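Student: I have this model open beside its sequence, and I would like a close look at a single part. Could you pick one strand and walk me through its surroundings?

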Amino acid sequence: MNLTTHFTLEELNGAGAPAAVRTNLQSLATLLELVRGLNGGQPLVVTSGYRPGDPRQHGSGSAADMRVPGRDPVAFANRVAPSLSPNAFGQMIVYPWTTRHVHLSLPNGAARGQYLVETGKGVYVRWTPGTPVPRYGTAANAAPLGDGPANEGAASLEGLLYLLGGAALLFYVLR
Ligand SMILES: [Zn+2]
């Protein structure tokens, strides 16, 4: 069932989902349609949508992972960011060094218009599109995700990073 022109309920794993989840998935498809257009209409391949039981935003149908065939995830973010209102989404997380996917969530959590880059397993740093992304394994810019729901990786590690604050770098180096 099409939710928007290019996105279906099925590819977001919403068939049979609770009504509240389906409502979120409708909003999510609308958001995906928006960024698809901002990226020049290139196809987006959804690799993960609703994940029942996920304590993070995927668990409420509020986030999707996607790939842009033939396009680097950073290039994708750089292209859409200038025209994407910070109020239109929660978090956009790019994974340039591992899975090369982009995670995008609805602005229905604490985070608004937040860009992040995965720089280690369960490690995310704030990033401004249009600037160089920190390399994998470099924690110099490590910042805790204290103000929004993290969506991938080890939640416990993120919690530790938040609590440790300035010690996050040391923690990362030692792990
Ligand atoms: Zn995700």
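**A close look at strand 4**

Tutor: Happy to. This is a predicted model, so a word on confidence comes first: the chain has a mean pLDDT of 85, with 79% of its residues at 70 or more. Two stretches call for care. Over residues 141-151 the pLDDT stays under 50, and the model has 43 contacts beyond four places in sequence for them. Residues 153-175 also have pLDDT below 50, with 28 contacts in the model beyond near neighbours in sequence.

Now for the setting. The chain has four helices and six strands, and from the N terminus they follow one another as α-β-β-α-β-β-β-β-α-α. Of its 175 residues, 42% are buried. Among contacts between residues at least 6 apart in sequence, 54% join residues at least 24 apart.

Let us turn to the sheet, and to strand 4 within it. The six strands form an open sheet with mixed pairing, in the order 1-2-4-3-5-6. Strand 1 (45-48) and strand 6 are the edge strands, each pairing on one side only. From one strand to the next, the twist averages 30°. Strand 4 (102-105) has strand 2 and strand 3 beside it in that order.

Take the strand 2 side to begin with. Strand 2 and strand 4 run antiparallel and are joined by four bridges. Follow two of the pairs: Ala64 has Leu104 as its bridge partner, and Met66 has Val102. On the strand 3 side the pairing is again antiparallel, this time over three bridges. There, Ile93 stands opposite His103.

Which way do the residues of strand 4 point, and are they buried or exposed? Val102 and Leu104 point one way, His103 and Ser105 point the other way, and all of them are buried. That fits a general pattern: in a regular strand, side chains alternate between the two faces of the sheet.

Leu104 deserves a longer stop. Apart from its neighbours within four places in sequence, Leu104 is in contact with Leu31, Val35, Ala63, Ala64, Met66, Phe89 and Met92. Ala64 is thus both a contact of Leu104 and its bridge partner. Leu104 also stands out in the largest nonpolar core, a group of 39 residues in which Leu12 and Leu104 have the most contacts. Two or more residues of this core come from each of helix 1 (19-38), strand 2 (63-67), helix 2 (73-80), strand 3 (91-94), strand 4, strand 5 (114-120) and strand 6 (123-126). Helix 1 gives the largest share, seven residues. More broadly, nonpolar side chains in soluble globular proteins tend to be buried together.

Finally, look at what lies over the strand. Helix 2 lies across strand 3, strand 4 and strand 5, and runs at about 150° to strand 3. Its buried residues are Pro73, Val74, Phe76, Ala77 and Val80. These residues are on the same side of helix 2 because they cover an arc of only 160° around the axis. They pack against helix 1, strand 3, strand 4 and strand 5.

To put the part together: strand 4 pairs antiparallel with strand 2 and with strand 3, helix 2 lies across it, and its Leu104 is one of the residues with the most contacts inside the largest nonpolar core.

How values were computed
Residues are numbered from 1 along each chain as its sequence is written. This is a predicted model: local features need pLDDT of at least 70, side-chain atom pairs count only at pLDDT 80 or more; totals for chains, interfaces and linings use all residues. A residue is buried if 20 or more other C-beta atoms lie within 10 Å of its own, exposed if 12 or fewer, and partly exposed in between; C-beta atoms are placed from the backbone. Two residues are in contact if their C-beta atoms, placed from the backbone, lie within 7 Å. A nonpolar core is a set of buried Ala, Val, Leu, Ile, Met, Phe, Trp, Tyr and Cys residues joined through C-beta atoms within 7 Å. Two strands pair if DSSP finds at least two bridges between them. Axes are lines fitted to C-alpha atoms, for helices over the stretch in contact, and angles run from 0 to 180 degrees between N-to-C directions. pLDDT is the predictor's confidence in each residue, from 0 to 100. The arc is that of the directions from the helix axis to the C-beta atoms.
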